[in-house]
Amino acid sequence: MWLVLALAPPETPGYSLSCEQGACTVDERRKLLAMIKQIRKRISPDVLDRARHAANQEIGYTPPEPENEASRLFKMALENRGARRTEVLRFLERKFRHKLN
């Protein structure tokens, strides 16, 4: 596997570093990691977010939607043939009674 960085920082017209996995020395890897950290600091968070989103779309990954409380409680009440149903109902009763009073 090759790690290739082809970036152009403002002070140079362009450069390219490559390191074959397993063939790098510890110093070379540290230099590459430091360079990657510096480059990431210069990229705006909005651009990074858009790039992650585009990469996820490219590979077909869709992040799971956050589960709302009603859905979570409904699933909890129905799992194990309704073993926690009374517990969930008591919780909901206390919650709504508190809101009504």
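This note walks through a predicted model of a single chain, point by point.

1. Overall make-up. The chain contains 4 helices and 2 strands, and a reader who follows the sequence from its start meets these elements in the pattern β-β-α-α-α-α. The two helices discussed most in this note are helix 3, covering residues 69-82, and helix 4, covering residues 85-100.

2. Burial and surface. Of the 101 residues in the chain, 12% count as buried, a word that here stands for a relative accessible area under 20%. The accessible surface of the chain amounts to about 9300 Å², and carbon and sulfur atoms account for 56% of that area. As for contacts along the sequence, when the count is restricted to residues at least 6 apart, 20% of the contacts join residues that are at least 24 apart.

3. How helix 3 and helix 4 are arranged. Two packed helices are described by the angle between their axes and by the distance between those axes. For helix 3 and helix 4, the axes come within 8 Å of each other and cross at roughly 150 degrees. An angle over 145 degrees counts as roughly antiparallel, and therefore helix 3 is described as roughly antiparallel to helix 4.

4. Which residues make that contact. On the side of helix 3, the contact is formed by Glu69, Leu73, Met76, Ala77, Arg81 and Gly82, while helix 4 contributes Arg85, Val88, Phe91, Leu92 and Lys95. Sorted by class, the contact between helix 3 and helix 4 has 6 nonpolar, 1 polar and 4 charged residues.

5. Val88 as an example from this contact. Is Val88, a residue of helix 4, buried or exposed? Val88 is buried, with a relative accessible area of 6%, a value that falls under the 20% cut-off. Leaving aside residues up to four places away in sequence, Val88 touches Leu73, Met76 and Ala77, and these three residues are listed among the helix 3 residues that meet helix 4. Val88 and Phe74 are 14 residues apart in sequence, and their C-alpha atoms are 8.3 Å apart in space.

6. A salt bridge between the two helices. Side chains of opposite charge can pair when their charged atoms come close. The count of salt bridges in this model comes to 6, and one of them joins the side chains of Glu69 and Lys95, with a distance of 2.7 Å from N to O. Glu69 lies in helix 3 and Lys95 in helix 4, so this pair ties together parts that are 26 residues apart in sequence. Both partners are partly exposed, Glu69 with a relative accessible area of 33% and Lys95 with one of 25%.

7. Two further salt bridges, and a network. Arg97 forms a salt bridge with Glu93, in which the closest N and O atoms are 2.5 Å apart. Arg97 and Glu93 are 4 residues apart in helix 4, so about one helical turn separates them; Glu93 counts as partly exposed, at 43% relative accessibility. Salt bridges that share partners also join Glu69, Arg72 and Lys95 into one network. Another salt bridge brings together the side chains of Glu87 and Arg84, at 3.0 Å from N to O. Glu87 counts as partly exposed at 39% relative accessibility, and Arg84 is likewise partly exposed, with a relative accessible area of 34%.

8. Two residues whose backbone angles deserve a careful look. Asn80 is found in helix 3 and has a positive phi of about 55 degrees, although it is not a glycine. Arg81, which is also found in helix 3, has a positive phi of about 55 degrees as well, and it too is not a glycine. Asn80 is exposed, with a relative accessible area of 62%, and Arg81 counts as exposed at 83% relative accessibility. Arg81 is, in addition, one of the helix 3 residues that take part in the contact with helix 4.

Conventions: Residues numbered from 1 in each chain as written. Predicted model: local features only at pLDDT ≥ 70, side-chain atom pairs only at ≥ 80, totals over all residues. Heavy atoms only, no water. Axes fitted to C-alpha atoms, helices over the stretch in contact; angles between N-to-C directions. Parallel < 35°, antiparallel > 145°, perpendicular 65-115°, else oblique. Contact = heavy atoms within 4.5 Å. Nonpolar A, V, L, I, M, F, W, Y, C, P; charged D, E, K, R; others polar. Salt bridge = Lys/Arg side-chain N within 4 Å of Asp/Glu carboxyl O. Buried < 20%, exposed > 50% of the residue type's maximum accessible area, 1.4 Å probe, protein only. Areas by Shrake-Rupley, 256 points an atom, 1.4 Å probe, with all protein chains shown as cover.
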